[in-house]
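Colleague: Could you take me through one part of this model slowly, starting from a residue with an unusual backbone angle and then moving outward? I would enjoy a connected account.

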Amino acid sequence: MRAALALFGLVLRACPREMREEYGEAMREDFAASVRARGPAAALHAYADVLFAGLGERGATIGRDLVVALRGMRRTPLFALVVILTTAIAIGVNGAIYGLVLNVVLRPLPVTDPSTLAALWEVDRVRGYTTEAFGYDDFEAVRRSDRTLRFVSALVPVSGTLVASRGAPVVLRGADVSGEFFAMYGARPQAGRLLDARDERDGTHPVVISDELWHTRFGADPTLVGRTVRIDDAPMTIAGIAPPQFFFVDLHRGQVDHADYFTPLRRSVYAGSPHSLVLVARRYGDLRAVDADLQRTFAALAAAHPETDANLSARAAWVTDSILGPMRPSMIALALAVLAVLAVACANVGNLFLSRASSRTGEIATRFALGASRRRLFAQLMTETSLYVGIGGLLGCALAAAIVHAIAATIDAGAPVVYLRHLDVDWKTFAATAVSVVLAALFAGAAPALALSRPDLVSAMKAGDRSSAGGGRALRAVLITLEVALAISVVATAAIAARSYYDLASQPLGFRSDGISVAFMSGASPHRYDTAARADALLRAIRERVAATPGIESSAWATTIPFIGESQTSFTVAGTTYAPGQEPDADVDIVSDGYLRTLGIPLLAGRDLSPADRPGTAGVVIVSRSFAVRYLGGVAAALGKRLTVGLSAMDLPPRLSTVVGVAGDVRPHVENEARPTIYAPIAQFPRAGWVKLAVRSHLSAPQVADALRAAIASVDPTIPPPVATSLAHEQYYDALGRALTDLMLAALAAIALALAIAGIYAVVSYGVTRRTREIGVRVAFGATPRTITVMVMRDALRLASVGIALGLALAAAAAWALKGFLDVDAPVDGITALTIIAIVAASIGIASYLPARRAARVAPAVALRYE
Amino acid sequence: MRRPAESQENAPLSPSSFHILLALADGERHGYAIAKEVEDATGGATVLGPATLYRTIKQLLADGWITEVDGDDERRRVYRLTARGRRVAQAEAHRLETLVSMARARRLLPALG
């Protein structure tokens, strides 16, 4: 019986507290009596009854509170609107930005166990650069002597033309991979087998194709394995099909990437050729031991091959850091800005509830006096807060989805990172964010509810709405200071980031990107165009036909074009001696005659490349202004100097060339400074594959592609059709990442500022209401509307001034942090600071002017009526 | 939205409300006695659990259909029907009677006498 009663006491907790206080004792006695009379069945019945009826009663209470809250919402629509919008914006922006940030920074890379993948970097100790490209012998040495890594794998991105029985020839992206490659990624074939160590031996020609290629080009034919395909005129046997969604680390492109086909990486192809192997390995443990191991290996290599490897060393870094590292700073800046917006929003909601709460002290005191319990009042106020925050939350969800889709639509097509191309709201992340915002908002609402649910009855009822709740005042001042400070720091951060970027972006690029289309030609058979003369003849023939197309002003071949690709070369100036391996590096663009004219790059001295520069004529190059200044003693002095250009990265033999012209500097990326550049004639540094045709015309990129397609088809129909883009388009994407970050920062700054202004408006407005009587007295004693207005606005500015000062200090700290982060070299300078102060002060002025005018209109008779 | 009292008096009553009003029709009772009376009168078919009982009592008190009276026992609160409560119970009884006679007319129940 005692146990049954104890359990009953426990079950009673399902009932609201009031009901327990009122009827708990009676229910207990009734329970005891009925169990005595009717036994255990009665006890079970009573438990069930109390549980269900109790919860029902609770629900009814919440329902009543909601009705009250809805009525309150109808009474003060502006307040409701501000609270709901504030919550919606905070949740929406948070959900969206954190969704993105987590997508980029926190989402694991889509490869098996990414945290144990180590990238190896080759370090040139003399020239002080680090590259991801290793030579084949270096790879062999690392693989052989390694004692700390598992699966040292090598990869070289390649391309090849697939000529299938049906459909046009197509250029595919491939990868030559070492035997450990698939094992390291833990990949399992869908059919057949993947490549392994035995495939590194010459003799057979196996190829593994991707799931996507299997579906798009071979109709997911289940009998494909074992059949022969021709890639770049070479017959290969399909050994197997890679798993769907198979990604790998490509450090050349600095991302996780995919390929259409995989072929074995062989010593016979890569030994002695330029450094091009990307090395990735598994490491279970830290990297210090790996570095020591690599240094030993390279010391041995340097001893064995002093002429080539004397300056080389290597180190390891986690793949995650190598790939995500560059994106982290701007993501962190964004995340912090969003956090600031969230804090401002919470302070705002708390402030609004505080202000309104104090204006309701009278009402609450009355209800308290009429017998409502403290707990009931608190529950009621919290129900109200929850209603507002709930509606705001729902709107916020919609807003977040809209923001993410807008951003996704902007970057989808051109996203530089393959697996980010389909951005979406990550609902799990989003739910977590939404919950945290709702909790924060509820917390903001709880403080006033707590303060309110124990009012000082006597004074509250006596003074009506006017003189009470002084306790909230300090809290409100703190909240406003916080809001203003955070808003200012976000605005300043956005301003600094935007200014530093546009300072750079507004500098001339050194060429005209408008009106230029670029068509990519690839897949010309390397066997057919194996000599300089043949390659040169092909390019000339195609270009002549394109030039005949109406509407085309000029055209030129190039291997790299601003925004599209880049390559470096080492070179030597004739007459200067260099220690082995200490030759300087410069950017190199291999171009045809007409390139400078087509891109609008000015020729500063000497002559342009001409059609007369042929494979057999004297070697010539043009250099950029900064190259001439840095290496050749100035623009005029550069002419006639002789360079040996190695072009090691392009697998071309060194060639002695005379400088015949100096061109203006070109910035190859919106965010970069100009670099010393060599323009080498494509006729003398022959290439047939992977070349680009730059065309200045009034035609669209597809029209240019059509013209080139027709030209190619008439010259060599086995070359796959080209694809084209416009330089303006490439320029847009070149700047997009940074521009998007800056845009989001600016939007966040605007939101933070708007919220802070709304907060100040609420507080000043509330203050005016509270001081109606005091203002009435002042007016009665002769204060003019003007002095009252000034008084109110001055108080508001005084309230905000601490926030402004604090905000500027925060902004200075942010600028200091940004310097390391965004590669932004801009402290908060006087003009920026003054502009921000002016904007914020003006905003505060406007926010306080409206309530101030209301105060100035106070009629003393009304204000003093209650005295 | 709460309706005015008049319209509420015309609405059908919840079974537990009606049972409590019936149990109080012939005199004042305390809570447990009401439950016991309901159970006895229905032959055990209707058992009002403690929470249902007091939840309903609370509502009936708020509506002014029953009232608390001072009992002999300090600890037990005793309830009595108010005049309005009696009218409400009568109205509900009439409503039910009409329904029952309709059922008889359609031979769902045997004719009287």
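Modeller: Happily! Let us start with Phe151(A), which sits in strand β4 (residues 150-162) of chain A. Please keep in mind that this is a predicted model. The phi of Phe151(A) is positive, near 50 degrees, and the residue is not a glycine. Is Phe151(A) buried or exposed? Phe151(A) has 20 other C-beta atoms within 10 Å, and the cut-off for a buried residue is 20 or more, so Phe151(A) counts as buried.

A useful companion is Ala220(A), a non-glycine residue that also has a positive phi, about 50 degrees. Where does Ala220(A) lie? Its place is the loop between α7 (211-218) and β8 (228-231) of chain A. Ala220(A) has 12 C-beta neighbours inside 10 Å and therefore counts as exposed, the limit for that class being 12 or fewer.

From here we can step across to chain B. The contact between the chains takes 16 residues from chain A and 11 residues from chain B. On the chain B side, the elements giving two or more residues are α3 (31-41) and α4 (50-63). Of these, α4(B) provides the largest share, with five residues. By character, the chain B side divides into six nonpolar, three polar and two charged residues.

Chain B also holds an open sheet of three strands, in the order β1-β3-β2, with antiparallel pairing. Its edge strands, each pairing on one side only, are β1 (29-30) and β2 (66-69) of chain B. Two bridges join β1(B) to strand β3 (residues 78-81) of chain B in the antiparallel sense. In that pairing, Arg29(B) stands opposite Tyr79(B) of β3(B). As a reminder, strands of a sheet pair through backbone hydrogen bonds, either parallel or antiparallel.

Our last stop is helix α5 of chain B, residues 83-105. What span should its 23 residues have at 1.5 Å a residue? The expected value is 33 Å, and the end C-alpha atoms of α5(B) are 33 Å apart, so the two agree. The buried residues of this helix are Gly85(B), Val88(B) and Ala89(B). An α-helix has 3.6 residues a turn, so residues three or four places apart point the same way. That brings us back to backbone angles: after α5(B) comes Arg107(B), whose phi is positive, near 60 degrees.

Note on methods:
Residues are numbered from 1 along each chain as its sequence is written. Chains are lettered from A and ligands numbered from 1 in the order in which they are written. This is a predicted model: local features need pLDDT of at least 70, side-chain atom pairs count only at pLDDT 80 or more; totals for chains, interfaces and linings use all residues. Helices (H or I, at least four residues) and strands (E, at least two) are DSSP runs, numbered from the N terminus. The expected span of a helix is 1.5 Å times one less than its number of residues. Two strands pair if DSSP finds at least two bridges between them. Two residues are in contact if their C-beta atoms, placed from the backbone, lie within 7 Å. Ala, Val, Leu, Ile, Met, Phe, Trp, Tyr, Cys and Pro count as nonpolar, Asp, Glu, Lys and Arg as charged, and the others, Gly among them, as polar.
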